[in-house]
2 protein chains.
Amino acid sequence: NLSYSDDVSEFEPFEGSMTSVLCFVPTPSVLLEALNINMCQDVNKPKHYTTDYYMQNLVVRRGQEFVMQVTFNRPLAPEDDFHIEFAIGSDPSPNKGSLIMVTFGNRGSGSWSGRILQSQGTAVMFGITPNAAAIVGKFQVYVAISTGMGMQRTKRDPTTDLYLLFNAWCPDDHVFLPNEAERQEYVLNDEGVIYQGSSTSVTERPWTYGQFERGILDACIFILDTSQTPIYDRGNVVKLVRVGSAMMNSQDDNGVMVGNWSNDYSLGKPPTSWTGSTKILLQYANTGVPVCFAQCWVYAGVFNTFLRCLGIPARVITNYNSAHDNTGNLKTDLLFNADGTPDRRNTRDSIWNYHCWNEVMTKRPDLPPGLEGWQVVDSTPQETSDGYFRCGPAPVIAIKEGHLCYPFDCGFVFAEVNSDVVFLKRDKYGDLTPFRVDKTYIGEKILTKAVGSQEQNNITNTYKFPEGSAENEATMARAEAYGCERDHSEMPEDDLSVTVIVEPVTHLSATFTFTLCTCRAQNVTAHLDCDIVFYTGVVASHFKDITFDVTVLPYQSELHENLVVLKSEDSVMNVLLNGEPLLNQEMGVKVEFTNHFSFPLRGVSLSLEGAGLIGPKSKYYREIPPQATITWQETFIPRLPGLRRITALMDCQEVRQVTGTT
Amino acid sequence: NLSYSDDVSEFEPFEGSMTSVLCFVPTPSVLLEALNINMCQDVNKPKHYTTDYYMQNLVVRRGQEFVMQVTFNRPLAPEDDFHIEFAIGSDPSPNKGSLIMVTFGNRGSGSWSGRILQSQGTAVMFGITPNAAAIVGKFQVYVAISTGMGMQRTKRDPTTDLYLLFNAWCPDDHVFLPNEAERQEYVLNDEGVIYQGSSTSVTERPWTYGQFERGILDACIFILDTSQTPIYDRGNVVKLVRVGSAMMNSQDDNGVMVGNWSNDYSLGKPPTSWTGSTKILLQYANTGVPVCFAQCWVYAGVFNTFLRCLGIPARVITNYNSAHDNTGNLKTDLLFNADGTPDRRNTRDSIWNYHCWNEVMTKRPDLPPGLEGWQVVDSTPQETSDGYFRCGPAPVIAIKEGHLCYPFDCGFVFAEVNSDVVFLKRDKYGDLTPFRVDKTYIGEKILTKAVGSQEQNNITNTYKFPEGSAENEATMARAEAYGCERDHSEMPEDDLSVTVIVEPVTHLSATFTFTLCTCRAQNVTAHLDCDIVFYTGVVASHFKDITFDVTVLPYQSELHENLVVLKSEDSVMNVLLNGEPLLNQEMGVKVEFTNHFSFPLRGVSLSLEGAGLIGPKSKYYREIPPQATITWQETFIPRLPGLRRITALMDCQEVRQVTGTT
C-alpha cells in the first residue's frame, strides 16, 4: 500500500524545540490556518488536455503550470511561513523526488516552481509547475504552515489528490511531440484500428483503447504498483515502458493478460472476442488476477491504452511475416525431410502471418544522440529478454541502421523484420543442407493507422532501407558484426520455380505456376501440404495433403486445383443508432446479425463498446440457427463530444470476430 | 534432467527404408562395429592444461584438437560410412549446435573438424577439433555406423563423457588471453588473495578457489542447469557470465549463496568463517539449497572459482570506498540534521569501506570494437539489474571513458568508483542544502592480486583517468550526458577545516587538526560520533558520542583524544608442517592458536584448507580461556605438485577471521 497518510504527522515539531519554550517564540496575533483547498479542475483540465478523463480528481501533465486555490483563516501576511507539499509513495523523501515542497517567496526553491497568482481576501490562487522530469502518478496534497514550533499540515483529503502525467506538449519532457495532429492521435485518440490478416489481404480490426474511461488511470497505476517499480523510477519513460512491456503479460510477474494460442479458450474469453482494452484492465485491477486470454493484438491494444493513459505517445504496429527467432541467431530455419515434407518436430523458429507490437515516442537520454524517436516495445510473451518476458524499448532507427549494440532487444526486433528464411533439407545421415534462402519474405510490410484518419500508414521504410540499396547492405554488414548470423550459402540456380496463388473468395482454390528455365519438358512430383494455420504459423488442422505428378513444359505451365469449399457469404453485422446524438442525452443502439451460413452457430458471444459512449457490454446466445436474425438493443448517454464510434463484435467457435461499426 | 540417453535410439533407420527390403542393400562382408572408445586422458589433458581437474573423464578446451581411439571389429575399409557424435542437453539438435556429427572423409563437415591420425589394425586414432565457439559443458560421445538401413550407435557409456571448456589459449576463442603468465594466474591458479580493510590499512585474506577439486566442475554445470540457461547459449561468454552473476546469490533464482549483513549468523556459517569456495559449491550442488552466509568477498571468491573452472579468465577486485547508489542518480547523498548529527533514517545511499567484485577477460561481439578486455561482473546482491540481482558484464574501458550507454550496468559500476559524495544539511522546513562535496573519496583505490606473486596490483588507473586531467573531465561530461547526475553546487569556501587521524594501534585514539584561515581565534563546538561500522557502512554499535568546545587559534590547532582501549596483542595462528612434502605421500599439519586476550573466546570455529593438498576441514571449540593454547593436527596426501599453500582460520563472535598460512 502506497499511502503516505499513515506515516505523515499533521504536526511536526522543529528539531530541538519543545512545547515548554513557547514563550521564546514571537507568535503573530492569529496563527495562519488553511481551511480549504480547491484544485480548480474546470480551469486546469482543458489546458492540460485531461478533460476526457472520467475522474473527479485533478489530472495534469508535468512541466506545465496548474492552479490551485487555498482559503486561509485570514489574509496572508508577509511574515507568514508556509509551503505546499506533494507526496507520493509509501515513504516520500525530498532527495528522491517523492516529497516536493513548493515555496512561495525568497526561500530556496525545490524542483517544482510556485508563485502566487492572486490574493482576494482569504482566498489565494497559487500557480504550480511540476518539473518536466517529475515522477508520474497520484500525489497527496498538503498545505504546511510554520507555527513557530513546527509545521502544521492540513488533514489528508483524498479529493485533493493530484494525478500527474507525462506531457507530450512540453518541450522539456522526454516524450515531447511537436506536432498537434500527432499528439491528438497518439495521446488523445481513444479509438483505433489494428491491422491483421496477411500482407496481401490486410484486414482491419477496430479497437477501443478507452484510456479515459472510469477506473482506467487508477488501473494503470495499480499495474505499476504491482510491478514494484521504485517510485523514483516512475518519471523515467525508458524504465516505465520496459516495466509496462513486462507487466502486460502474466508470465513471471503475474501481469495483466494470459496468452493462449491453443484454440481452446474454455477457461476464459477467446482472444478474438475482445472489443477493447477497458474490460481487461478493470478486471485485472479489481481482482489482481491475470485475465484470460490474449494474443498479440490484444497485448498491443491494452499496452497502447496503458501508455496513452499515462501520457506517453504510442501506437500499435503490425509486422507482416514476422520472424520469431528463438535460438539466438538471426536466421529463421525451416527444416524439411529428405522427401520434401516439413520436419515440424525439429523446426523451432517460426514465422507469424503477422505480429503486433507498440511504438512509443521518446528521447533516449541513456543512449548517444540520434536514437530518440519511435521505440519498439512489445508485451507479447515471445522470448525472455534478459530474464523476463518483455521487449524494448528498441530505437526504430537503430534497427534500420543495424546498430544492435544498444539496449534493449534491438537484435530480437531486427530479426523479426529482417531474418533470412533458410530452407534446410536433412539427408539420411541427419546433416542439414540449405536448398533455398528467402531474404525478402520476413517483415514484408509494416503498418500502423494513419494520423487523423482510418487509412493505413505503411511505415516499412522507417524499419528498413530498400532491399538491394547500398544503405541496406551497410545495415546488414553492421548487424552481422554484432553477431547476426546471416546465410551466405551458395545456392544452385533452380531450373524450376513454382508460385502458388490461393484465392479465398467463396471457396478455396489454388493456381500453381511452374516456370522452367530449360528447353526440355520435365516430370515433376509436387507435394502440397494444406493446413489451417494460426497467425503464429502453428498448424491448427491439417486438411489436405496432395501429391501429384505434372509434366512441366518449357517456360511456363499452369495448374488449377480446387481445394475445398470453405466460405459462405460475407458475414456482416449492422449497427444502427436511434435518437439524436447529443451530449448527456440518452440514445439507443441496435445491433442486427443474420446467420447466412448453412449451419447453426453455437455459443455465440456478442459484444458492444464505444469509448466515451457506451461501456463494454456483451450478450450470449446458445445457438443461432441458419438464416435466423438476432437483434440486440441498448441505450446509452454520450459522455464525450466529437466524432465517436461504436463497435459490435460476434465471436463463436465456428466463425471468429465478425465486426460492425457505426 | 539433461540426459540425452533416454531419447536417443541405438538404431535409427533411414527414412523410407524398412527391414523387409534388406535384399536391396549391398552389405559388405562383415558389418563394421565399434567395440571400444578410449578418450586418451593421459595424452590430451596436459596439452589442454586440464591435468589438475580431479576427474576420471576427459576435460578439454574448445578450439583445440584432442584425440580419441576407437577400436572396431575389423580394420576400416574405404567404403565404411560412420561418424562420431557429441550430444549435449535434453534435446540435442544439429542446427542448435547441441548435436555435432564429426565426419572423416569427403562428406560435408560440420562445425567441428575431424581427421584420422593413425590406423593400426582395428584401432583407429581420431583427431577432433571442437569449434572455438562451441557450447561448453558435458557431452555424450557416440560412434554411429551406417549399416545400409540406418545408423547403428554405440551404447551410452558415461565414462566416455567429454567435458568441454572455454580456451584462453586459443586465439579464436572470445576468452583468448595472449600472455602465458596471465593464463597461469587467471585460469589455472587455484589459490588467491582477496584484499579487505580500508584504503589506508589494506588487509589480505587468503582464499582457496579450488576450481580443480573433486566435484567442482560438475557443481558449476549444475549451477547452469539450475539457471535454465538454454543449451545453445552456453558457448556465449557474455550471456554465461551474466547468468553466473545472477546465480551466485540466492535472490530471485534460488542461487548459490544467501547474503547476510546482520551480524547474526546463528542460522548458518558466518561469512568470515569460510576459507575458500569448494565447501560452498559442493554443499549447493549436493542439496540444491542456497548456502548460508556470504558477504561480498565470499560472493567474489566463489564466482571466481566458477569462472576459472569453466575456463574463463577471471580475477577478484577490491574497490575501496565503494559507493552503493540505490536511487538511480550517480550522487551519494549523506543527510545531516540541522545540529550536524547524521540523519541515518533518510540516508539511503551508502558507502562501503570496500567492495569486492570480479573481472573477466573477454571479447564483446555484441558491442562496437574497443570494448573488449576486462569486464566487471558482480554477484553480490546490491541492486536489481533489469529485474534480477546481477551486475555486468560492464567493460572496464567504458567505465573509464564514461561510455555508459552500453550493456550491462556500466552506470551502476561507474557510480561505485566515481560518485560524488554530497553532504546535505536539512533545515527546519525539511529543505536540503549541500554544505560539502567530496569528489575524490569514492573509488580511492582499486586492487587485485598481481600475476604470479602475492603482491598488490593497483589497477585504479584502468577504471579512472587521473583526477583533474582533461581526459577525466571528458569522461565526467560524457557520463553526465547519459544521465549521471553530478553535483554542481557552489560551495562557500570554509574558513575552518578539520582533519581527523585515527590510529588504531593498541588503543584507539584520534588527533584532530583544525585549520583556520582567518586571523581571529574562534570558538568551535565539535561533535564526534564514534561508531563501530561494518564494511558496508552500516552501524553495528554506537560506542562513543563526544561533544566538546575548543578555542581554535588562527592557522592551526591540534587536539588529541583517547577514545577507547580496544585491541589486545596481535592474534596469530601458527601453521606447521611435518613430514617430507612429496606427491602422494602422507604428511601432517599442525595448527596452534593461543588466546592472548584477557577474556575467554567462545564458540570458536577453526578451519583448514589447501587446494590440491587438503580439503576444507573444521573444528569447533566451545571456549578457549585466556592464555590457553589449542593444538590441532591433521594428516593429508598432496595431490597436485608445485608451490602450494595451506590456510588456517579462527573465527568467533568476539574476534573475526584470524588467519595463518604456510
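This passage walks through the annotated site of chain A, the strands around it, a separate sheet, the nonpolar core and one helix of chain B. The model is a predicted one.

The annotated site is a handy place to start. An unreviewed UniProt entry lists Cys296(A), His355(A) and Asp378(A) under "active site". These three are spread over 83 residues of sequence, yet they cluster in space, with a largest C-alpha distance of 9.8 Å. His355(A) sits in strand β18 of chain A, which covers residues 350-362. Asp378(A), by contrast, belongs to a loop, the one between β19 (373-377) and β20 (384-385) of chain A. Both count as buried: the relative accessible area is 0% for His355(A) and 1% for Asp378(A). Since the cut-off for buried is under 20%, His355(A) at 0% falls inside it, and so does Asp378(A) at 1%.

The side chains of His355(A) and Asp378(A) make a polar contact with each other, at 2.8 Å. Setting aside neighbours within four places in sequence, His355(A) is also in contact with a set of residues that includes Cys296(A), Thr318(A), Asn319(A), Gln382(A) and Glu416(A). On the same basis, the contacts of Asp378(A) include Ser245(A), Phe303(A), Trp357(A), Arg390(A) and Glu416(A). Glu416(A) therefore turns up in the contacts of His355(A) and in those of Asp378(A).

Thr318(A), one of the residues touching His355(A), leads on to the strands. Its bridge partner in β25(A) is Leu447(A). Strand β16 of chain A (residues 314-324) is joined to β25(A) by 3 bridges, and the two run antiparallel. Leu447(A) has a bridge partner in β26(A) too, namely Asn458(A). Here again there are 3 bridges, between β25(A) and strand β26 (residues 456-458) of chain A, and the pairing is antiparallel. β25(A) and β26(A) form a hairpin with 6 residues between them, and in the turn Gly452(A) has a positive phi of about 75 degrees. As for cover, β25 of chain A (residues 445-449) is mostly shielded, with 4 of its 5 residues buried.

Elsewhere in chain A there is an open sheet of 4 strands, in the order β35-β34-β37-β38, with antiparallel pairing. Its edge strands are β35 (614-624) and β38 (658-661) of chain A, each of which pairs on one side only. From one strand to the next, the twist averages 15 degrees. Strand β34 of chain A (residues 601-610) is joined to β35(A) by 8 bridges, and these strands run antiparallel. Val604(A) stands opposite Tyr621(A) in β35(A).

The largest nonpolar core has 176 residues, and Leu217(A), Tyr463(A), Leu217(B) and Tyr463(B) have the most contacts inside it. Not counting residues up to four places away in sequence, Leu217(A) touches Tyr53(A), Met55(A), Val59(A), Tyr163(A), Leu165(A), Cys309(A) and Leu310(A).

Over in chain B, helix α4 (residues 237-247) is largely enclosed by the rest of the structure, because 9 of its 11 residues are buried. The buried residues of α4(B) include the nonpolar Val237(B), Leu240(B) and Met247(B), and Arg242(B) and Ser245(B) are buried as well. At the start of α4(B), a side-chain oxygen of Asn236(B) reaches to within 3.1 Å of the backbone nitrogen of Val238(B).

Note on methods
Residues numbered from 1 in each chain as written. Chains lettered and ligands numbered in written order. Predicted model: local features only at pLDDT ≥ 70, side-chain atom pairs only at ≥ 80, totals over all residues. Heavy atoms only, no water. Buried < 20%, exposed > 50% of the residue type's maximum accessible area, 1.4 Å probe, protein only. Polar contact = N/O pair within 3.5 Å; in protein donor to acceptor, adjacent residues only side chain to side chain. Core = buried A, V, L, I, M, F, W, Y, C linked by side-chain atoms within 4.5 Å. Contact = heavy atoms within 4.5 Å. Pairing = 2+ DSSP bridges. Axes fitted to C-alpha atoms, helices over the stretch in contact; angles between N-to-C directions. UniProt positions renumbered as here; feature names shortened; annotations may be inferred.
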